[in-house]
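Colleague: Hi! Could you pull up the model so we can talk it through?
Modeller: Sure, here it comes.

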Amino acid sequence: MKINNTPYRTVWFDAGNNVVSMIDQVKLPFEFAVVELKDYKATAEAIRNMTVRGAGAIGATAGFAMAQAFQSLKGTKELQLAKDFIEATRPTAVNLFYATNKVFEAGMAGVEQAVVMAQQIADEDAEGCRMIGVNGNKLVAANSRILTHCNAGWLAFVDYGSALSPIYAAKASGKEPFVYVDETRPRGQGARLTAFELFHNEVEHRIIADNAAAFYMSKGEIDMVITGADRITANGDVANKIGTLEKAIVAKEFGIPFYVAAPFSTFDFATASGDMITIEERHEDELLYHEGLDANKQLTSIRMASPGSKGLNPAFDVTPAQYITAFITEKGIIKPEELATYQ
Ligand code: MRU
């Protein structure tokens with residue numbers, strides 16, 4: 001994707017200098033900055049503190065972090081500890097574990113193989129997401145009004161995105177989609193990141209409060225829902241950003257198709273069903289405080305909840321397969337009941 005006419009990936013690796021670079025998503029959309037991370041611990045910390053976030057981008061970053069570890073450490077025990085350290089950052093998106101396992105296995109044959117595998121995972125993520133756009137575009141009619149939740153655009157992957165990739169492809173083919181962007185409390189990935197992406201790609205959109213989606217669905221103003229996924233289990237259950245479940249239930253009530261866009265690296269066929277997924281609990285301050293620009297255009301945080309009250313902040317929920325019309329993947333459109341043939 002391009003920012004001010006310069007093509008960017010979300011995260012990339014300079015293997016010669018053992019440096020991982022990424023767009024700083026904590027500063028977006030108010031400031032565009034790139035951070036450089038010189039060792040696997042710094043790269044893992046960037047996953048934990050959400051400098052980089054989103055399933056595919058987390059996966060690619062974790063793969064690069066594992067390759068950094070191979071280039072700087074010796075001995076299987078040390079490397080296993082590094083793998084554990086990287087995997088402890090965020091528990092829900094399966095892409096992270098997909099990448100650390102693949103790079104670790106490749107690295108057993110040599111450091112060079114670890115680096116090649118990490119780059120291959122990132123390249124496959126970008127190409128898979130491009131194909132999700134090609135396949136998903138077939139489902140999008142001209143002037144479709146599409147609801148999306150959280151950010152599953154190019155910032156959440158290496159490039160193109162999952163849920164937004166069909167929208168970009170539809171826009172490129174002249175269909176003029178309109179996007180309802182859930183703000184996605186508490187971190188605001190919709191209002192901050194999805195809106196930023198759509199604005200820069202000239203896709204018509206409006207940010208809506210998380211609790212406004214049912215209103216627009218009830219008015220017949222939403223034609224389809226497309227979300228991303230952080231983990232899809234063997235039976236087709238989907239872990240995605242908190243709030244996805246209620247959108248899916250409401251969409252079913254109003255007969256609106258609910259699509260989940262994801263590359264195969266997000267499918268976890270080793271886990272039978274969604275109730276077995278570990279759901280990340282994040283700090284209550286994400287909920288109790290709100291971040292934005294002050295009058296001097298400085299990023300600042302203000303408390304917006306009653307002083308003294310505590311919060312609960314689950315980062316994801318699980319949508320049962322029965323609410324999902326189909327998965328949009330790089331291999332095509334797949335109904336939940338057809339998943340068994342891919343396992
Ligand atoms: O907590 P985040 O920002 O890493 O959330 C993950 C996500 O981006 C969403 O759940 C998204 O819809 C699926 S991942 C592309």
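Colleague: How many Å apart do the C-alpha centres of domain 1 and domain 2 lie?
Modeller: They lie 23 Å apart. Keep in mind that this is a predicted model.

Colleague: Thanks. And which residues belong to domain 1 and which to domain 2?
Modeller: The domain assignment puts 2-129 in domain 1 and 134-342 in domain 2.

Colleague: How many residues of each are in contact with the other domain?
Modeller: Domain 1 brings 34 residues into contact with 37 residues of domain 2.

Colleague: On to the ligand. Why does it lie between domain 1 and domain 2?
Modeller: Both domains give residues to the shell around the ligand, so the ligand lies between them.

Colleague: How many residues surround the ligand, and which are the closest?
Modeller: There are 18 around the ligand, and the closest are Arg53, Arg90, Asp230, Asn240 and Lys241. By class, the shell has 8 nonpolar, 6 polar and 4 charged residues.

Colleague: What about Arg53: how far is a polar side-chain atom of that residue from an oxygen atom of the ligand?
Modeller: For Arg53 that distance is 2.7 Å. The side chain of Lys241 also has an N or O atom 2.7 Å from a ligand oxygen, and for the side chain of Asn240 the value is 2.8 Å.

Colleague: Nice. How much of the ligand does the protein bury?
Modeller: Taken alone, the ligand exposes 400 Å², and the protein buries 100% of that.

Colleague: Last one: which cavity is the space taken by the ligand?
Modeller: That space is the largest cavity.

Notes:
Residues are numbered from 1 along each chain as its sequence is written. This is a predicted model: local features need pLDDT of at least 70, side-chain atom pairs count only at pLDDT 80 or more; totals for chains, interfaces and linings use all residues. Side-chain values use heavy atoms; hydrogens and water are left out. A residue is near a molecule or strand if one of its heavy atoms lies within 4 Å of it. A polar contact is a pair of N or O atoms within 3.5 Å; within protein, one must be able to donate a hydrogen and the other to accept it, and residues adjacent in sequence count only if both atoms are side-chain atoms. Accessible areas come from the Shrake-Rupley method with a 1.4 Å probe; for residues, only the protein chains shown count as cover. On a 1 Å grid over the protein atoms alone, a cavity is a set of points where a 1.4 Å probe fits but cannot get out, and a pocket is an open set with protein on both sides within 12 Å along at least five of seven lines; lining residues have an atom within 4 Å of a point. A molecule sits in a cavity or pocket if more than half of its atoms lie within 2 Å of its grid points. Ala, Val, Leu, Ile, Met, Phe, Trp, Tyr, Cys and Pro count as nonpolar, Asp, Glu, Lys and Arg as charged, and the others, Gly among them, as polar. Domain bounds come from an automatic or database domain assignment. Contact means heavy atoms within 4.5 Å.
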